[in-house]
Amino acid sequence: AVADISVNHSTKTVAVANKSGEAHMFAIDTGKVQCEVGEPVRLPLTSIAHNCNGTLLVTGGSDKTLRLYDAVTGKELGSSSAHQSFVTCVAFASHNPSLLASGGGDKPIVRVWKVGDKHPQSGTAELLEQCVLVGHWAFLTRVAFSSDDRFLATSSMDWTIRVWDIENGEPMVNMSFSAALVQDRTRMQVGKLSHINHRQMEEELVSDGSDVRFTWERPDFDEPLRLCRVPDTDGWGRQVESRFQYVEVDKGRVIYTSSGWLRTLKGHCGPVNHVEWSPDGKYLVSAGDDGTVRLWDAQCELNDELVLDDRFLEGTEGHHVLAIEDEMVPGEEACTMRIEADECVQNYKIKFSEDGGFYKHTGGILGSGFNRIRRPACQFVDRFRNPVYQIIREADDKVIFDTNFSKFTLWGHQGPVTSARFWGEKILSTSDDGTLRMWNPENLECLFVVAATARYPLCSLTVCEEAPEAVLVGDRKGGVSILLAEDFGL
């Protein structure tokens with residue numbers, strides 16, 4: 001079966017990683033195999049990627065190893081076994097030919113690497129670990145660099161997408177690092193505050209009586225900053241005190257992050273199989289086991305989804321939503337909650353997603369058209385596996401909080417969506433239902449559905465954006481199909 005596909009735009013060749021443990025490189029125009037890398041006796045490959053100038057090729061596999069190759073000759077240049085479990089995804093930076101990232105099943109964490117200079121005699125190159133990004137709680141499925149190489153987007157089996165600042169990742173030489181040392185190393189996110197140390201900032205913060213709301217006032221500020229301390233959470237909704245941010249409440253700007261974590265995007269009701277940036281860097285597109293393709297706002301300087309304003313309740317401005325939930329008490333009816341603040345009581349209804357994830361019901365396990373499993377009931381305060389829900393004010397039925405942060409959802413696939421990416425202004429997606437679909441994100445319309453005669457599940461997708469413009473699709477039977485732009489009428 002095909003595990004992953006990567007295009008070398010410099011040489012107009014394609015590298016295909018196979019579950020057999022080897023990768024083949026062939027020409028796009030002729031389909032002729034030019035060389036092979038790896039060995040069939042090795043454990044299955046899971047991912048493959050070229051660097052931006054087409055000189056290097058990296059693979060990740062079930063043998064817990066990253067391997068670096070010459071993209072033209074196929075010669076192995078170096079390897080690393082730093083991952084403690086299988087490597088599930090690899091990606092090179094958009095413009096830096098020596099910067100790459102990998103994700104796996106260990107912890108799980110994302111590792112950011114730099115390719116060292118080639119040895120003058122042996123021609124080998126070393127993979128140098130730069131930092132790690134810790135936060136997902138199930139293994140990674142995809143890593144993708146932004147167009148300016150400052151940020152990294154990752155998708156995971158934990159149903160979420162995360163956005164990271166790779167310059168603020170945790171330096172990990174070994175597992176005995178100190179959280180205090182990490183926080184001393186990381187810098188302020190806002191450029192004009194870069195001269196201020198994190199610990200100096202915390203000494204200057206003035207609390208309003210809460211553990212999460214602060215005011216920061218300095219002579220060089222035009223006006224005081226109102227900050228909210230936003231903790232990261234694990235898969236059970238428990239707060240992780242060693243990973244946190246300070247977010248400016250009025251603007252949602254991330255002022256400081258202790259671990260490189262910027263945002264956690266929720267909305268998929270199942271594992272997220274793929275994430276990719278748009279060419280202009282404004283959006284993220286993702287593919288999930290819930291049968292959907294989702295479009296997200298890719299702004300990376302803000303994290304305002306979880307910081308509440310006065311729409312929720314007077315006196316809660318600057319709260320983190322998890323802190324508010326902890327103060328809620330069950331209402332008189334099912335799926336209702338109430339909260340008291342400043343001698344004011346408001347009642348809220350909790351509506352769980354019915355799109356295939358968690359929702360409130362008393363029956364057993366239900367199924368949908370393509371056997372997507374809906375899990376049994378989940379209580380609001382459990383937050384097990386990142387449930388998707390809305391908080392609705394009973395007084396006027398206004399939705400004042402929604403954990404689904406996606407801008408648009410594209411429905412149509414009849415099975416888990418395995419990959420999605422932009423092709424110009426359109427979106428392409430592949431699915432286990434054996435179809436390739438093209439979408440118009442402006443009106444959410446499906447423009448084309450391409451289905452092979454033998455409906456093998458499609459598992460990988462990439463595009464060649466230079467002549468010849470083509471779409472390459474891999475299936476679980478080991479085949480690779482090449483579709484030219486004219487096949488779509490473009």
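The following exchange asks how a few residues of this predicted model come to be described as they are.

Reader: Why is K407 called partly exposed?

Author: The relative accessible area of K407 is 40%, and because partly exposed covers the range between under 20% for buried and over 50% for exposed, K407 belongs to that middle class. The residue lies in the loop between β31 (398–402) and β32 (408–410), and, leaving aside its neighbours within four places in sequence, K407 is in contact with Y283, L295, W296 and D297.

Reader: What makes F214 and Y246 an aromatic pair, and why is the pair called edge-to-face?

Author: Their ring centres are 6.2 Å apart, which satisfies the rule that centres lie within 6.5 Å, and the angle between the planes is 65°, so the pair counts as edge-to-face, for which the angle must be over 60 degrees. The pair links distant parts of the chain, with F214 in strand β17 (residues 213–216) and Y246 in strand β19 (residues 239–248), 32 residues apart.

Reader: How do you know whether F214 and Y246 are buried or exposed?

Author: F214 has a relative accessible area of 16% and Y246 one of 3%; because buried means under 20%, F214 is buried, and Y246 is buried as well.

Reader: Why is the pair of F244 and Y246 called edge-to-face?

Author: The planes of F244 and Y246 stand at 85° with 5.9 Å from centre to centre, so the angle meets the requirement of over 60 degrees and the distance that of within 6.5 Å. F214, F244, Y246 and Y256 form one aromatic cluster.

Methods: Residues numbered from 1 in each chain as written. Predicted model: local features only at pLDDT ≥ 70, side-chain atom pairs only at ≥ 80, totals over all residues. Heavy atoms only, no water. Helix = DSSP H or I, 4+ residues; strand = E, 2+ residues; numbered from the N terminus. Buried < 20%, exposed > 50% of the residue type's maximum accessible area, 1.4 Å probe, protein only. Contact = heavy atoms within 4.5 Å. Phe/Tyr/Trp six-rings, centres within 6.5 Å; stacked < 30°, edge-to-face > 60°.
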